[in-house]
Amino acid sequence: MILPMPAMAALGGPPSPYALSRRPWVMFVLILQGAFCAARIVFFLDILGGFLMAIMIAIGWCAVREEINVQLLCYWGFMCLINGAFDLVKLIDVLVKTGQPLFSSHALPGYNTANFIALGIPISTLLGVPLVYWIYSDYAAGATAGGYQTEGSSLLGRGSVLGGGRSGGGGTNSSGGGTGTSRGSTTFTAFEGAGNRLGAA
């Protein structure tokens, strides 16, 4: 299933001190998700659900490896929200249809263990959502204040530097002989000249 989502702008720049301070918490959530992902495959034999969860965890580890890459972290947060919501609804659906309690002292140990894993999967997955929200909010506040530099701003800055270099070069050449001024003021006009017909001599 493909969800129509708007294109996300490129997020770049060095991580903020706040993002680096939250790195151990992100790693803790990823380790917790990995443990429940392995239990999901071993106890429930849920290969498809475990595979999707493993992709989500891999994206999260890539974000940590890239020094808390905000863009990869946002992708991980979106997957945590979607997968966690589906797993939580699935757990509620099973509990409502069976009518049995989540934990019971009269049940077998395997029953409580299975329900503990089923409860831990959505909880560990949804734990990544507030973490990503807090880190992205700090990044957005820093970008608004001009503290961080995105890819778009770096390209604009590079273009302005090039533009300044050209104008400065033109000014230097104009003082020498006026050649740079004529080059700087030259404009390109499309479709100039007379038209010719095919086959005309």
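Helices, as I use the word in these entries, are DSSP runs of H or I with at least four residues, numbered from the N terminus. I note at the outset that this is a predicted model.

**Entry: the loop after H2**

With that usage settled, I looked up Leu 45 and found it in the loop between H2 and helix H3, the latter covering residues 47-65. I then read its backbone angle: phi of Leu 45 is near 55°, which is a positive value in a residue other than glycine. I marked this down because most residues other than glycine have a negative phi. As to cover, I recorded Leu 45 as exposed, because its relative accessibility is 65% and the cut-off for that class is over 50%.

**Entry: a second positive phi**

I went on to Ile 68, whose phi is also given as near 55°, again a positive value in a residue other than glycine. Its place is in the loop between H3 and H4. Is Ile 68 buried or exposed? I entered Ile 68 as buried, since its relative accessibility is 2%, and buried requires a value under 20%.

**Entry: the nonpolar patch**

On the surface I looked up a nonpolar patch of about 490 Å², made by Ile 41, Val 42, Phe 43, Phe 44 and Ile 47. Which element contributes the largest share of this patch? I found that helix H2, residues 23-44, does so with four residues. Ile 41, one of the patch residues, lies in helix H2, and I classed Ile 41 as partly exposed because its relative accessibility is 31%, a value between the limits of 20% and 50%.

**Entry: the second largest pocket**

I next turned to the second largest pocket, in which about 320 Å³ of space lies. Its lining has 17 residues, and I noted those closest to the pocket centre as Phe 44, Lys 90, Leu 91, Val 94 and Ala 118. The elements giving two or more residues to this lining are H2, helix H4 (70-98) and helix H5 (109-126). By character, I entered the lining residues as ten nonpolar, three polar and four charged. Phe 44 therefore appears twice in my notes, as a member of the nonpolar patch and among the residues closest to the centre of this pocket.

**Entry: the chain as a whole**

Last, I stepped back to the fold and counted eight helices and zero strands in the chain, so that the pattern along the sequence reads α-α-α-α-α-α-α-α. Of the 201 residues of the chain, I recorded 25% as buried.

Definitions and conventions:
Residues numbered from 1 in each chain as written. Predicted model: local features only at pLDDT ≥ 70, side-chain atom pairs only at ≥ 80, totals over all residues. Heavy atoms only, no water. Patch = residues over 30% accessible without salt bridge, like charges linked within 9 Å, V, L, I, M, F, W, Y side chains within 5 Å. Areas by Shrake-Rupley, 256 points an atom, 1.4 Å probe, with all protein chains shown as cover. Salt bridge = Lys/Arg side-chain N within 4 Å of Asp/Glu carboxyl O. Buried < 20%, exposed > 50% of the residue type's maximum accessible area, 1.4 Å probe, protein only. 1 Å grid on protein atoms, 1.4 Å probe; cavity = no way out; pocket = protein on both sides within 12 Å on 5 of 7 lines; lining within 4 Å. Points joined across faces, edges and corners; volume = space filled by probe spheres on them. Nonpolar A, V, L, I, M, F, W, Y, C, P; charged D, E, K, R; others polar.
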